[in-house]
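Please open the structure in a viewer and keep the selection tool at hand. The tour below proceeds stop by stop, stating at each one what to select and what is found there.

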Amino acid sequence: MFSQSEENYIKTIYHLANTINKGVSTNAIAKKLKTKASSVTDMIKKLSDKNVVIHKKYKGVILTDFGKITAISIVRRHRLWEVFLAVKLNFSWDEVHEVAEQLEHIKSPKLIEELDAFLGFPKYDPHGDPIPNKQGDLLSVKKTLLSTLVKNESGVFVGVNDSSPTFLQYLDKIGITLGETIKVLEKEPFDNSLSIKINHEKVSISNKIAANLYIQKQ
């Protein structure tokens, strides 16, 4: 029903809309997909003709109900494939995204439902993001950024805002993994860098790092 390129646009609009909670500009889409604004305009016209998006001048692009259902289906496929790669094929969490980007375009509903069952109906992908169920429902996770915590507050590390390979590799290097409890020991007033305790070890991280780690406060 949709080409690979169309699905990439639909998913991108979905993620951008969730970040800003309003219509998405064509420039934002072009920047995310690293393409020309004119190419985005052409694609938005195609998706509008297929009842996937609505584009209002000065208000940006929004997904229709059908568009949201389509986007969530793509996200579900992507995150299930990430789990499969990590759990069954021993890919590291910084490797799964790129491969899942290719696998997510396989459209067989039976394959995805069997994959879900084979994996034991996982609720989260390797980066801590919730996996939509087959009805398209997403678990609501109450989380906050580590950078908002103050001295002596703690929480469980449940996800990342930046899932780029270089960032995930850095977290591996300093020993920060999902499910670990992080406690703020000190917060520097000058640059908001943090001294934290994780796995009984003291680690110093920048505010930029802390602003990309999601925590469930305890």
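Is Leu-111 buried, partly exposed or exposed? Leu-111 is partly exposed, with a relative accessible area of 33%. Please bear in mind throughout that the model is a predicted one.

**First stop: Leu-111 and its surroundings**

Select Leu-111, which belongs to helix α6. Next, display the residues around Leu-111: leaving aside those up to four places away in sequence, Leu-111 touches Trp-81 and Ile-106. Then add Arg-77 to the selection. Leu-111 and Arg-77 are 34 residues apart along the chain, and their C-alpha atoms are separated by 9.7 Å.

**Second stop: helices α4 and α6**

Extend the selection to the whole of helix α4, residues 65–87, and to helix α6, residues 109–118. Two packed helices are described by the angle between their axes and the distance between the axes. Here the axes of α4 and α6 come within 10 Å and cross at roughly 40 degrees. The two helices α4 and α6 are therefore oblique to each other. The crossing in which α4 passes α6 is left-handed.

Which residues make this contact between α4 and α6? On the α4 side, select Arg-76, Arg-77, Leu-80, Trp-81 and Phe-84. On the α6 side, select Leu-111, Ile-112, Glu-113, Leu-115, Asp-116 and Phe-118. Sorted by class, the residues in the contact of α4 with α6 are seven nonpolar, no polar and four charged.

**Third stop: Glu-113 and Arg-76**

Remain at these two helices and show the side chains of Glu-113 and Arg-76, which meet in a salt bridge of 2.9 Å, N to O. This pair links distant parts of the chain, since Glu-113 is in helix α6 and Arg-76 is in helix α4, 37 residues apart. The two partners can also be viewed by accessibility. Glu-113 is partly exposed at a relative accessible area of 31%, whereas Arg-76 counts as buried at 5% relative accessibility. Now select Glu-7, Arg-77 and Lys-107 together: salt bridges that share partners join these three residues into one network.

**Fourth stop: salt bridges of helix α1**

How many salt bridges does a search of the whole structure find? The search finds 11. Two further examples involve helix α1, and the next selection is Glu-6 with Lys-50. Their side chains meet in a salt bridge of 3.1 Å, N to O. Glu-6 lies in helix α1 (residues 4–20) and Lys-50 in the loop between α3 (37–49) and β1 (53–56), so the pair ties together parts that are 44 residues apart in sequence. Glu-6 is buried, at 7% relative accessibility, while Lys-50 is partly exposed, at a relative accessible area of 35%.

Move next to Lys-11 and Glu-104, whose side chains form a salt bridge of 2.9 Å, N to O. Lys-11 is in helix α1 and Glu-104 is in the loop between α5 (96–103) and α6, so this pair ties together parts 93 residues apart in sequence. Lys-11 is buried, with a relative accessible area of 8%. Glu-104 is buried as well, with a relative accessible area of 0%.

**Fifth stop: helices α2 and α3**

Select helix α2, residues 26–33, together with α3. At what angle do these helices pack? The angle is about 110 degrees, and the axes are 9 Å apart. That makes α2 roughly perpendicular to α3. In this case the crossing of α2 past α3 is right-handed. To see the contact, display Thr-26, Asn-27, Ile-29 and Ala-30 of α2, followed by Ala-37, Val-40 and Ile-44 of α3. By class, the contact of α2 with α3 contains five nonpolar, two polar and no charged residues.

**Final stop: two residues with positive phi**

Most residues other than glycine have a negative phi. Select Asn-51, which is not a glycine and yet has a positive phi of about 65 degrees. Asn-51 is placed in the loop between α3 and β1, and Asn-51 is partly exposed, with a relative accessible area of 46%. Finally, select Phe-121, in the loop between α6 and β3 (144–145). Phe-121 also is a residue other than glycine with a positive phi, here near 55 degrees.

Notes:
Residues numbered from 1 in each chain as written. Predicted model: local features only at pLDDT ≥ 70, side-chain atom pairs only at ≥ 80, totals over all residues. Heavy atoms only, no water. Salt bridge = Lys/Arg side-chain N within 4 Å of Asp/Glu carboxyl O. Helix = DSSP H or I, 4+ residues; strand = E, 2+ residues; numbered from the N terminus. Buried < 20%, exposed > 50% of the residue type's maximum accessible area, 1.4 Å probe, protein only. Axes fitted to C-alpha atoms, helices over the stretch in contact; angles between N-to-C directions. Parallel < 35°, antiparallel > 145°, perpendicular 65-115°, else oblique. Left-handed = near helix turned anticlockwise from the far one by under 90°. Contact = heavy atoms within 4.5 Å. Nonpolar A, V, L, I, M, F, W, Y, C, P; charged D, E, K, R; others polar.
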